[in-house]
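Biologist: Please pick one part of this model and take me through it slowly, as I am new to protein structures.

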Amino acid sequence: MTTPPADEPQPFVPYGTPDAPRIAVRGEAHLEVDPEIARIGVSIAARGKDRRTALDDLTRRNATVLDLIKTYGDAVERLETGAFSLTPQLKEKGRGERVHAYHGHVHVTAELTDFTALGELTTRLADLDLTRVDGPWWALRPDSPAHRQARRQAVKEAVQRAREYAEALGTTLAALVELADIGAENAQPYAPAASGARMRSMAYAAAEDTAAAPLDLEPQRQHVHAQVNARFTMAPPQL
């Protein structure tokens, strides 16, 4: 039997040896924290008998929405325009492809960090003609300190759990062999929150003579989960 060269990787021994027994544990952390950002979606519509009228109307309404959002300054962290469409509507009766009207749509997404301004802005947007507001969708930033706190807590729990196993055998931990972030492959991408977490859509509301009262929006608490696998060696116990 030949011995593998020293520079070749050695086979992994998951169960350790009598001289260096191994302990494999899992550490978990669950935190509930306040959201850091809120996103809303704004859909602007226009309709006209001819293409130019519909396009001009859509341009005007889109500019009104963008100007309104920008008046909130630093409260708006991000403002993006998404899909745009201008679609002809054909007459249902008659011969040939005759256009009855044109329908235009623009979708805008805004991300806010000031939740007091959020309630006022969504109300004012919903008060505009042919404007639909969806959201808010609450979230944490990818680099939120809450994620780091959860990871640190999960590691501490893994160490504490391994130490308790070792103490139950009348021995102590010797060294850390492996620490694996098992949540990396199952990370949850950003998505709208589940039902009940989003504000009711306010669609195509006609403007009133008096301004509507701002919505009172309660931020949805965010759940942060971290999970690690850890392997330790311990001093041989006296069994």
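**A close look at a sheet**

Modeller: Let's start with a pair of residues: threonine 17 stands opposite alanine 20 in strand S2. A quick note on the source: this is a predicted model, where local features need pLDDT of at least 70, side-chain atom pairs count only at pLDDT 80 or more, and totals for chains, interfaces and linings use all residues. Residues are numbered from 1 along each chain as its sequence is written, while side-chain values use heavy atoms and leave out hydrogens and water.

Strands (E, at least two residues) and helices (H or I, at least four) are DSSP runs, numbered from the N terminus. S1 and S2 (residues 20-33) pair in the antiparallel sense over 2 bridges; to pair, two strands need at least two bridges found by DSSP.

Now let's widen the view. S1 and S2 belong to an open sheet of 4 strands with antiparallel pairing, in the order S1-S2-S8-S7. At its edges are S1 (16-17) and S7 (173-181), each pairing on one side only.

A helix joins the picture too: H3 (residues 145-168) lies across S2, S7 and S8 (222-234). Contact here means heavy atoms within 4.5 Å. H3 runs at about 145° to S2; such angles, from 0 to 180 degrees, are taken between N-to-C directions of lines fitted to C-alpha atoms, for helices over the stretch in contact.

For comparison, look at the open sheet with the order S4-S5-S3-S6, also built from 4 strands with antiparallel pairing. S4 (76-90) and S6 (131-139) each have a single partner strand, so one side of each is left without a neighbour in that sheet.
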